[in-house]
Structures are given as structure tokens and as C-alpha cells.
Amino acid sequence: MVQDELEERLRNWAWYCNFGFVGPQNPTRCASAEGNYEAEDVWEGEEPTYEPDMLDGQLLEDAIRVLPDMSRRVLKVRYVSYPYDRAHSIAQKLKISVDRLEAEIKTAKRRLSEQLNRTAYR
């Protein structure tokens, strides 16, 4: 599997994991009369949304579930929990060195690629 393709699939998996609402929604408008005011220059179009490929997200989720514990942890922390953090802060959260984090991510991607290839040929 091409590394760029796997990277895109992992980003889609992160969107898949975070898709939808978890728990009750917070109100976005106040309950008073002022909450009904709309400025004249409000953009009336719909907000752009991104829906992940749900089928591919589930396929990756199933493949990641059978990986060893450390591989699952580094993929979850890197792509789902802290996707915009630098490697140093992610390594601190996992209490490992940056070099070990990079090695573990590389190993996790290799294992995931092998797992996806195994399930594709069943």
C-alpha cells in the first residue's frame, strides 16, 4: 500500500472516529429576545461540511482493533486525539521519546498495512 494513500485513509479514520455529536448539544443561541437578532450581513449559505467515508473508516477501525496495544495507542493519539500537536508534545503525553514515537508510528503503519492486505485477500 502506498504510504500517501495510507496517510489519507488514517486521516479519514480520524474523521470517522470524531464524526457526529457525542452527548447533548450545547445551545448556540441565548434564550432572550436578543438571541433572535440576525445581522443584515449574515452569510446565508450552508456551512461546508466533510463527511468521512464511513465504510473505509469502519474497515480501518476493524483492522486497528487487532493491532498490538502500543500500535493502537500511537495511532489513536497521533490521528484522533491530538492530530495538530507536534511530535514532541505527543511523545510527552505518551511518556516516551520522540525517536521512539516516530519508530512506533512507523511500525504501527507497517502492521496496519499488512493487516489491511491480509483482510483484502480473504
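These are my notebook entries on the helices, packing and selected residues of a predicted model.

**Ground rules**

I number residues from 1 along each chain as its sequence is written, and I keep to heavy atoms for side-chain values, with hydrogens and water left out. Since the model is predicted, local features need pLDDT of at least 70 and side-chain atom pairs count only at pLDDT 80 or more, whereas totals for chains, interfaces and linings use all residues.

**Overall layout**

I looked up the elements and found five helices and zero strands, running α-α-α-α-α from the N terminus on. For these I took DSSP runs numbered from the N terminus, with helices being H or I of at least four residues and strands being E of at least two. Of the 122 residues of the chain, 31% count as buried, where buried means under 20% relative accessible area, exposed over 50% and partly exposed in between, with a 1.4 Å probe and protein chains only. I then took contacts as heavy atoms within 4.5 Å, and among the contacts in the chain with a separation of 6 or more, residues 24 or more positions apart account for 73%.

**Helix H3 and its cover**

Which residues of H3 are buried? In this helix, residues 69-81, I list Met70, Ser71, Val74, Leu75, Val77, Tyr79 and Val80 as buried. Their cover includes helix H1 (3-18), helix H2 (54-65), helix H4 (87-94) and helix H5 (98-120).

I followed the H1 side further: H1 and H3 pack at an angle of about 75 degrees, with their axes 9 Å apart. That makes H1 roughly perpendicular to H3. The axes are lines fitted to C-alpha atoms, for helices over the stretch in contact, and the angles run from 0 to 180 degrees between N-to-C directions; under 35 degrees counts as roughly parallel, over 145 as roughly antiparallel, 65 to 115 as roughly perpendicular and the rest as oblique. At this meeting, Glu7, Leu10, Arg11, Trp13, Ala14, Cys17 and Asn18 in H1 are set against Leu75, Lys76, Tyr79 and Val80 in H3.

On the H5 side I checked Ile105, which is found in helix H5 and counts as buried at 13% relative accessibility. Not counting residues up to four places away in sequence, Ile105 touches Val74 and Arg78. Ile105 and Arg72 are 33 residues apart in sequence, and their C-alpha atoms are 9.5 Å apart in space.

**Helices H2 and H5**

H2 and H5 pack at an angle of about 115 degrees, with their axes 9 Å apart. That makes H2 roughly perpendicular to H5. I noted the crossing as right-handed, which is the case when the near helix is turned clockwise from the far one by less than a right angle, and left-handed if anticlockwise. Leu59, Leu60, Ala63 and Ile64 in H2 meet Leu112, Gln115 and Leu116 in H5.

Thr119 lies in helix H5 and counts as partly exposed at 37% relative accessibility. The C-alpha atoms of Thr119 and Ala63 are separated by 8.1 Å, with the two positions 56 residues apart along the chain counted as their separation.

Is Glu61 buried or exposed? Glu61, placed in helix H2, counts as buried because its relative accessibility is 16%. Leaving aside its neighbours within four places in sequence, Glu61 is in contact with Trp13, Tyr16 and Cys17.

**Helix H4 and the residue after it**

In H4, I list Ser89, Ile90, Ala91 and Leu94 as buried, and what covers them includes H3 and H5. Lys95 follows just after H4, in the loop between H4 and H5, and is exposed with a relative accessible area of 76%. Although it is not a glycine, Lys95 has a positive phi of about 60 degrees; I set this beside the general pattern. Most residues other than glycine have a negative phi.

**Rings and charges**

I searched for aromatic pairs, taking rings of Phe, Tyr and Trp (its six-membered ring) with centres within 6.5 Å, stacked if the planes are under 30 degrees apart, edge-to-face over 60 and tilted for the rest; the count comes to zero.

I then looked for charges over rings, meaning NZ of Lys or CZ of Arg within 6 Å of the ring centre and within 35 degrees of the ring normal. Arg78 lies over the face of Tyr79 at 5.0 Å from the ring centre, and the charged end of Lys93 sits over the ring of Tyr82, 4.6 Å from its centre.
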